[in-house]
Amino acid sequence: MRAFFSTLFFSLLVYSAAAYDPLDPNGNVTIKWDIMSWTPDGYVAVVTMNNFQMYRHIMNPGWTLGWTWAKKEVIWSMVGAQTTEQGDCSKFKTNIPHCCKKTPTVVDLLPGVPYNQQFANCCKGGVVSAWGQDPSDAVSAFQLSIGLAGTTNKTVKLPKNFTLLGPGPGYTCGPAKVVPSTNFLTPDRRRKTQALMTWNVTCTYSQFLAREKPSCCVSFSSFYNDTITPCPTCACGCKSKNNNCVKTDSKILSMAGVNTPRKNGMPLLQCTHHMCPVRVHWHVKVNYKEYWRVKIAITNFNYRLNYSLWTLAVQHPNLNNVTQVFSFNYKPLVPYKHVNDTGMFYGTKFFNDLLMEAGPFGNVQSEVLLQKDAETFTFKQGWAFPRKVYFNGDECMLPPPDTYPFLPNSGHKNLLSFSSSIFILVIVLITTW
């Protein structure tokens, strides 16, 4: 019995730790259901999905939302989204519902659908920006009419077993909870109305649930050392017969449709020693009297995937003194008010917010100018390199600390000190002998 409770406690501890992001402790996706009106056999609801994650967005092919009905509800109609399957609606003779499945699966509509199928904040192909990147675009919504359901606050049964793919696994959703009704303002902002009933579902992300191995790695270099510290070998997996990778001079790359994504999401990676889809390179470029400059380059090694609305979160103690970022947008992330060591880089819209597939255009880069703090700044012991790096919300694997580019002067100084000590000891022995 004691072993059972110990195992249960450990499992809960690991689960809670996996869903907690220390750089974004309040990040989550909140799904809000607002009942706007009652119908003879159910209700009309507006479902709003808010992405409150600072640097993790939902990229193409977009979100997929699912749940289980508590009773025998059906979806009569939807605006701004659709279910992937209709289900068995054979018992209905005249009006055929949009979906009769006990466990409906909903996806967003694509851009350009007819106006009569659109709804506010819909029809973006399921792509939702991160809250820190663009709060106005970090929302998706749709409307649905539910039948064979309760028609009052007391008879409505909340759906259960919510699931969210964004677009792959990684999200865990809690139970639906009734909350105070949402308030709405009329267009003239002079009258306030409210939903008849509201409930929320909170979904949190865990990289451990999303994938077994990292999806990105980091390499380092500096002006004071010719050595380039590469990504760790097999950082995202090792080359094998099961890995789908090609060399840069392969004839496969000249074939038509090589860049077309597969339905199963299988990547086509460039063969590298790290086998990561994305590499982030941090180069300490220049040292000035009061400033220092870093060059950041992000390279895509996947021939079948480009990254729209990409984000890069970096933790470094000198990010509290960022003077200028040259071709990326930058926003400080301050999850804890007394610590300002984390920031988010992202592309400029219509310029470099799309990281193209692997190839000559599959990279974006920028430079960052930082002001020195005389009390903390140093190039020793790898201080100039980041502590943590996240690409699109997933933590990247860093090289081992003992492989970081070192200051040549420090090594020479230690060697000179050791040689001087030996010389003095020899002189002392000769004179005493």
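Hi everyone. Let me begin with a word I'll use a lot: a residue is buried when its relative accessible area is under 20%. Trp199, at 0% relative accessibility, therefore counts as buried. Please keep in mind that this is a predicted model.

Let's stay with Trp199 and look at its aromatic surroundings. The structure has 27 aromatic pairs. In one of them, the ring centres of Tyr43 and Trp199 are 6.4 Å apart and the planes stand at 85 degrees, so this pair is edge-to-face. Where do Tyr43 and Trp199 sit in the chain? Tyr43 belongs to strand 2, residues 42-51, while Trp199 belongs to strand 13, residues 197-205. That puts them 156 residues apart, so to speak a link between distant parts of the chain. Tyr43 is buried too, with a relative accessible area of 1%.

Strand 13 also takes part in another ring pair, through Tyr205. Its partner is Tyr171 in strand 9, residues 171-173, and 34 residues separate the two. Their ring centres are 5.2 Å apart with the planes at 65 degrees, so we have edge-to-face again. Tyr171 has a relative accessible area of 10% and is buried, and Tyr205 is buried at 12%.

Back to Tyr43 and Trp199 for a moment. Ring pairs join both of them into a cluster with Trp33, Trp38, Trp67, Trp69 and Phe162.

Now for the nonpolar cores. Which residues have the most contacts inside the largest core? They are Trp292, Trp310, Leu312 and Phe391, in a core of 36 residues. Among the elements that give two or more residues to this core are strand 14 (216-222), strand 21 (311-315) and strand 27 (388-391). If you click on Phe391, you'll find that it touches, among others, Cys216, Val278, Ile298, Trp310 and Leu312. There is also a second, separate core of 35 residues, and Tyr43 is in it, along with Trp63, Leu144 and Val156.

Strands 21 and 27 bring us to a sheet. Five strands form an open sheet in the order 23-24-21-27-28, with antiparallel pairing. Strand 23 (329-333) and strand 28 (394-395) are at the edges; each has a single partner strand, so one side of each is left without a neighbour in the sheet. Strand 23 is joined to strand 24, residues 342-346, by five bridges. Lys331, for example, has Met344 in strand 24 as its bridge partner.

Finally, the charged pairs. How many salt bridges does the whole structure contain? The search finds seven. One involves the edge strand we just met: Asp394 in strand 28 pairs with Arg211, in the loop between helix 2 (207-210) and strand 14, 183 residues apart. The N to O distance there is 2.2 Å. Arg211 is partly exposed at 33%, whereas Asp394 counts as buried at 6%.

In another salt bridge, Lys124 meets Asp137 at 3.2 Å, N to O. Both are partly exposed, Lys124 with a relative accessible area of 21% and Asp137 with 23%. Lys32 and Asp34 make a further one, with their closest N and O atoms 3.8 Å apart, and Asp34 is buried at 1%. Last, salt bridges with shared partners connect Lys285, Arg293 and Glu367 into one network.

That's my tour, and thanks for listening!

Methods
Residues numbered from 1 in each chain as written. Predicted model: local features only at pLDDT ≥ 70, side-chain atom pairs only at ≥ 80, totals over all residues. Heavy atoms only, no water. Phe/Tyr/Trp six-rings, centres within 6.5 Å; stacked < 30°, edge-to-face > 60°. Helix = DSSP H or I, 4+ residues; strand = E, 2+ residues; numbered from the N terminus. Buried < 20%, exposed > 50% of the residue type's maximum accessible area, 1.4 Å probe, protein only. Core = buried A, V, L, I, M, F, W, Y, C linked by side-chain atoms within 4.5 Å. Contact = heavy atoms within 4.5 Å. Pairing = 2+ DSSP bridges. Salt bridge = Lys/Arg side-chain N within 4 Å of Asp/Glu carboxyl O. Lists of a residue's contacts leave out its neighbours within four places in sequence.
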